[in-house]
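Please open the model in your viewer and keep the sequence panel beside it, as this tour moves from the whole chain to a few selections.

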Amino acid sequence: MTTQSRRVVHITRGMPTEDGAGVKLTRLVGTPELPDLDPMLMLDTFRSDNPGDYIAGFPPHPHRGFETVSYMIHGRLQHRDNKGGEGLITDGGVQWMTAGRGVVHSEMPAQTDGAMFGFQLWLNLPARDKMMTPWYRDIRADEIPSVKLADGVSVKLIAGELGTAKGPGPERPTAPLIADITAGGAFALPIPDGHNAFLYVIDGKGVLGADKRSVTQGDLAILSDAGSLDGTADGNLRFLLVAGKPLREPVAKYGPFVMNTQNELRQAVNDYQRGLF
Ligand code: FE
């Protein structure tokens, strides 16, 4: 049996931006260069040891129509929402929040100094689930399985399946695969065919894909849509891999609302203003 190897079709380093009350971050997906990669709508990373870059946090704001997945590599972030969801994400922890028909939440640093390094992914919901009941789960670092895939290849599996391992993330129609992978040599990772996929290099460098493209810390590499992800680390390579089954539905975005039509967006704004979240 021959297996196809995915290619790297594009590499971006994203754009610096600010969000919340003035948190400095890098937007990797959700930019003019890369508006989305169905069903992944946005990926932000924040990485700083200067409190001035993160201390303002994300005071109360609404969401409707999708999910936010926050992964904290280092630091402490306190979450509170108006549906009773509350939790502290700390080093290696994940927060999975399904906004569904609407939540108002805040995400505030629970530290006043030191390093903060994390990600937030926006994952779309299919049209039929956009108005689902909001859902929330904290996943502590020790609930995330650490799997040895091969010699020198270890995976912290947040969601989805890799080999025989299964992550604690919820099952969704988009079958999300989210994994924090460290490789010290060659690796071959099975990604379901048809899933859109990208990876972000957290540390180190290496070569990726059928064309052996070089990537280094801070690169986001977008992969072609079928086959495995093959690569070789140059030293140690750590990356966040995200993949999902595309929904192929129209996307209408306005700030913190992601629906299918302009009418539904107007409805979201109205409902929020009338206090219906
Ligand atoms: Fe939010």
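Begin with the surface of the whole protein, in what is a predicted model: the accessible area comes to about 12000 Å², and 50% of it belongs to carbon and sulfur atoms. With everything still selected, the C-alpha trace can be followed along its principal axes, where it spans about 55 × 45 × 35 Å.

Switch next to a cartoon view, in which one helix and 24 strands make up the secondary structure of the protein. The radius of gyration is 18 Å, close to the 19 Å that the globule rule gives for 277 residues, and the protein is therefore as compact as a globular protein of that length. Of these 277 residues, 53% count as buried, and among contacts between residues at least 6 apart in sequence, 71% join residues at least 24 apart.

If you colour by charge, you will find 28 positive and 32 negative charges, whose mean positions lie 3 Å apart.

Now select residues 103–109, which form strand 10; six of its seven residues are buried, so this strand is largely enclosed by the rest of the structure.

Which strands pair with strand 10? Add residues 58–63, which are strand 5, and you will see an antiparallel pairing with strand 10 over four bridges; here His 63 has Val 103 as its bridge partner. Then add residues 77–81, strand 7, which also runs antiparallel to strand 10 and is joined to it by five bridges, and look for His 79, whose bridge partner in strand 10 is Glu 107. While turning the view, bear in mind that side chains in a regular strand alternate between the two faces of the sheet.

Definitions and conventions. Residues are numbered from 1 along each chain as its sequence is written. This is a predicted model: local features need pLDDT of at least 70, side-chain atom pairs count only at pLDDT 80 or more; totals for chains, interfaces and linings use all residues. Side-chain values use heavy atoms; hydrogens and water are left out. Buried means under 20% relative accessible area, exposed over 50%, partly exposed in between (1.4 Å probe, protein chains only). Helices (H or I, at least four residues) and strands (E, at least two) are DSSP runs, numbered from the N terminus. Two strands pair if DSSP finds at least two bridges between them. The radius of gyration is taken over C-alpha atoms; the globule rule is 2.2 Å times the number of residues to the power 0.38. Contact means heavy atoms within 4.5 Å. Accessible areas come from the Shrake-Rupley method with a 1.4 Å probe; for residues, only the protein chains shown count as cover. Lys and Arg count as positive and Asp and Glu as negative; His and the chain ends are not counted. The place of a charge is taken as NZ of Lys, CZ of Arg, CG of Asp or CD of Glu.
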